[in-house]
Number of protein chains: 4
Amino acid sequence: MKLAFFGDVVGRSGRRAVSDHLPGLRKRLELDAVIINAENAAGGFGITAGTAEQLFDAGADVLTMGNHTFDQPQGISLIDNDPRILRPANYPPGTPGRGANLYDVNGYQMLVVSLHGRVFMDALDDPFQAAERELAAAPLGEVADIVVVDLHAEATSEKNAMGYFCDGRASLVVGTHQHVPTADTRILPQGTAYQTDAGMCGDYNSVIGMEIDEPLRRFTTRMRSARFEPATGTGTLCGVFVETDGRGLAVRAEPIRIGGQLADQVPAA
Amino acid sequence: MKLAFFGDVVGRSGRRAVSDHLPGLRKRLELDAVIINAENAAGGFGITAGTAEQLFDAGADVLTMGNHTFDQPQGISLIDNDPRILRPANYPPGTPGRGANLYDVNGYQMLVVSLHGRVFMDALDDPFQAAERELAAAPLGEVADIVVVDLHAEATSEKNAMGYFCDGRASLVVGTHQHVPTADTRILPQGTAYQTDAGMCGDYNSVIGMEIDEPLRRFTTRMRSARFEPATGTGTLCGVFVETDGRGLAVRAEPIRIGGQLADQVPAA
Amino acid sequence: MKLAFFGDVVGRSGRRAVSDHLPGLRKRLELDAVIINAENAAGGFGITAGTAEQLFDAGADVLTMGNHTFDQPQGISLIDNDPRILRPANYPPGTPGRGANLYDVNGYQMLVVSLHGRVFMDALDDPFQAAERELAAAPLGEVADIVVVDLHAEATSEKNAMGYFCDGRASLVVGTHQHVPTADTRILPQGTAYQTDAGMCGDYNSVIGMEIDEPLRRFTTRMRSARFEPATGTGTLCGVFVETDGRGLAVRAEPIRIGGQLADQVPAA
Amino acid sequence: MKLAFFGDVVGRSGRRAVSDHLPGLRKRLELDAVIINAENAAGGFGITAGTAEQLFDAGADVLTMGNHTFDQPQGISLIDNDPRILRPANYPPGTPGRGANLYDVNGYQMLVVSLHGRVFMDALDDPFQAAERELAAAPLGEVADIVVVDLHAEATSEKNAMGYFCDGRASLVVGTHQHVPTADTRILPQGTAYQTDAGMCGDYNSVIGMEIDEPLRRFTTRMRSARFEPATGTGTLCGVFVETDGRGLAVRAEPIRIGGQLADQVPAA
Ligand SMILES: [Fe+2]
Ligand SMILES: [Fe+2]
Ligand SMILES: [Fe+2]
Ligand SMILES: [Fe+2]
Ligand SMILES: [Fe+2]
Ligand SMILES: [Fe+2]
Ligand SMILES: [Fe+2]
Ligand SMILES: [Fe+2]
């Protein structure tokens, strides 16, 4: 079974990178499933029906979110109603939407779990407990043929730890939120594919996807002059490709980077 | 002119990766200068005379530090006395040691600036002001033939911003501290080579270089049972290679990863 | 029913303030119950059997803890075995000890709940959910004659919010951890006595209970020269006095401050 | 010489508490100078010409600010042009306005210094260095007859440390930002009056001055439903009164609390 996961789509440049490159890639790599983190799809903040549709049209099966989950007011009912969009599973009880779900993709049962880190981030319930609960509810090799865990987190230590925590129980543990891809793609000792951060889909000639001027002004003056606006240059499609064996464990894990400012890296078909 | 920068050396595995691979690499790539972040060289915390010597012996010209600068009591006088070791330039006035220095390497004047981020980190004076001051004191193309800036920081946004802040005024801006290499090596519009994080030199079968059990226990139980100990498996030499033109601007920037858990990536000679 | 709650006991000066003033005060005010936060009782960090005994001997019925709960290795089994000592109720499942308990004091059933804040503090599960759960398990006026909630927290906003969250369901919501008493003692609209912080029992000629030199050095130099040591001058007994009606709601709430650097404030008998 | 300092004025309730009680109090206590923190005067966020005028009309000589300094776009030029309004002295070089100033009040030379803390707050340059610089520029007993330092900070430890750092060199060191008055008013060993937090001028039936519902919703659900709005009940005038000797050191320091939800506390004339 073959899947790809792509990191935080930032604004129009990010969505365009997905629309431009994903359909061809999906065919070429014969992907059974595609998951995309979409927390910055709508102008850099949250998700709307239109931006979600654009990503589904380009080939996404499931969208995950992060700290920007509910930035768009219309995103709340969207997430509550569309089971293809996940918000973090360790959000408080009663939060609209769902944090994990089982999907039928090309005849495979795929569990996707969205988690939110706590180090240097807003206060939330324990993502490790949430992972434990969701992995136990649809165990790999029993209920699920494939398990994908997205940990939306700031600290590399928390992401490393989650990788080993899930090792052998997930097909892929991948981080999002840093908006920079990490070069540590590998298969952990018990068979889980791992990459600390998927990187963003967006224009890398920017400060984590945003036009450079305003963030730089805030860093150097402590004053706000304008909103953050997504950078509008050519975006990069950025993520990770995983191939699994019959048990749902990884036999291949490779980065994907197509277009824009970063050097291209495309897995062989 | 050719140089390489390597990220945080973590404990014995990290030092061994440097000793095993750097001497050969230095010859093969005909490196004029090597800079290494050594803030975790001594058992994961700080630096000692012995661990510094080991890195100099293997081919380092300059060592930079970070939030662990003064973790070893003996490190304080070492850093104060040895001009080849830098602590962050934006530490308070009166701090032992120096934050930037001009080095003669193979006949080139090389300015190295050590900076410390502030986002999600301890309170310090502004690293952008410090960069401004140090870059103005030895301008690229006038006083310095080559300028290397290490921003030891947690947040990718702060590192991105520093890259553009120094673009055209430094040969390389590279981040450290995250202990995971980023895959965004590139040359910025004005000619500065950039990589958000150099990654660590150490055993990647770990939680950012440390044995997995204790960090995982702290994440899941909030209790401490033991000290953090560096992982002892085979380490990876991890960093970035840069070649500059006559003005000290980058014409080539490529990641370096040799040995251990990560896929090898070695620049062509 | 009459009770008093005293804030974080810091080291010997704090324990002495309790031993010197509590026995007399308990008689004079005819207190039915005394609760003390003891997270800094042992040399400023955690609790030991000896320091706990000293506080029980002086008249404490129940001890609560905070972020320093497990700082002393011997404190772990002590807290696990002695039901009179509570650690935060929103610590992870499986943590030694208990976070809330029902006590028989002078014939009254007293529920005490220890909670830990999350703003500017370590990651923990939601203290509001924990409060909800514990208050529902022993409702005021049904199971409990009196309910005391200690929120060990940094942010005044989180403590204010907890006060209103529990208003009408607790006899007293009081904060700890800031080591400075607040002057906002009052009865909230639904009858819960409230004070944002009880203040510490310790020597106020200090930096939150610690000798001044080392914290001041760290603020101004970013270097550590020594351990934090509790200040050794005369301590202040610092807390809040509450009298309740037949429903367990507050009819009187007044600060207590006796001895040391702060102006004395003693409720009339 | 007699002065009073009042903490963060929050919205209309806060401004009204100042207008209602300050004119009479200023007469009764024969105050030579009045300083007010006004960072929340305009609807809870920043300052405007109109809200500043209201506070000056009620008897303020100087207004200090904090993390909300520039929340109102029109506040920027106001602060830049009106020397009676101070923004933190440790803001970056080039920031509009001034961080300290010498005022002629009733024939006394009064230095006021506005400082901003760094613990649990945005990154800024060192407030201790800034204090050192400003105190040296107009030393108490030489240039200044009276020196008032406002440290706008979250952490009680940072405020305690600043008190001792300035002890003997300032007439008053007082904290703001926590929006809850502390009950630790005292004179430090070298003669500086000190109170960890002045408390807010505003409606205490609130979450630090704001209507309860929205902050409580955010704490319990992680979702935003509305803006923060200042609570509209009767406000409390909240601050500290200091009387100094001929050297500008404190001989008397007492809290002031008038009106609203807190128990009244008024210094004797
Ligand atoms: Fe994102
Ligand atoms: Fe994010
Ligand atoms: Fe490091
Ligand atoms: Fe570091
Ligand atoms: Fe404490
Ligand atoms: Fe505490
Ligand atoms: Fe404020
Ligand atoms: Fe503030």
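**Entry 1. Chains A and B**

I looked first at the contact between chain A and chain B, which takes 36 residues from chain A and 36 residues from chain B, contact being heavy atoms within 4.5 Å. The model is predicted: local features need pLDDT of at least 70 and side-chain atom pairs pLDDT 80 or more, while totals for chains, interfaces and linings use all residues. Residues are numbered from 1 along each chain as its sequence is written, chains are lettered from A and ligands numbered from 1 in the order in which they are written, and side-chain values use heavy atoms, with hydrogens and water left out.

I then looked up the area buried between chain A and chain B, which is about 3,200 Å², with 64% given by carbon and sulfur atoms. Buried area is the accessible area (1.4 Å probe) that two parts lose on being put together, summed over both.

For this interface I found 0 salt bridges, a salt bridge being a side-chain nitrogen of Lys or Arg within 4 Å of a carboxyl oxygen of Asp or Glu. I noted 14 residue pairs in polar contact across chain A and chain B, both residues at pLDDT 80 or more. A polar contact is a pair of N or O atoms within 3.5 Å; within protein, one must be able to donate a hydrogen and the other to accept it, and residues adjacent in sequence count only if both atoms are side-chain atoms.

How is chain A superposed on chain B? A rotation of 180° with 0.0 Å of shift along its axis does so, at RMSD 0.0 Å; this is the relation of a two-fold axis. The superposition is by least squares on the C-alpha atoms of residues with pLDDT of at least 70 in both copies. Thr182(A) comes closest to the axis of the residues of chain A, its C-alpha lying at 2.0 Å. I also recorded that 100% of the interface residues of chain A are interface residues in chain B, so the copies meet through the same surface.

**Entry 2. Chains A and C**

I turned to chain C, where 8 residues are in contact with 8 residues of chain A. These two chains bury about 590 Å² between them, 41% of it on carbon and sulfur atoms. On the side of chain A, Arg118(A), Asp125(A) and Gln129(A) lose the most area, together 62% of what that side buries.

Between chain A and chain C I counted 2 salt bridges. I found Arg118(A) and Asp125(C) joined through their side chains in a salt bridge, 3.5 Å from N to O.

Chain A can be laid on chain C by a turn of 180° and a shift of 0.0 Å along the axis, with an RMSD of 0.0 Å. Asp125(A) has the C-alpha nearest that axis in chain A, 2.2 Å from it.

**Entry 3. Iron ions**

Which residues are the protein donors of the iron ion (ligand 3)? I found Asp8(B), Glu39(B), Asn40(B) and His179(B), lying 2.0 to 2.2 Å from the ion. Donors are N, O and S atoms within 2.8 Å of the metal (3.2 Å for Na, K and Ca); water is not among the atoms, so sites may look incomplete. Glu39(B) coordinates both this ion and the iron ion (ligand 4), the two being 3.3 Å apart.

In chain D, I listed Glu39(D), Asn67(D), His152(D) and His177(D) as coordinating the iron ion (ligand 8) at 2.1 to 2.2 Å. Glu39(D) coordinates both the iron ion (ligand 8) and the iron ion (ligand 7), which are 3.2 Å apart.
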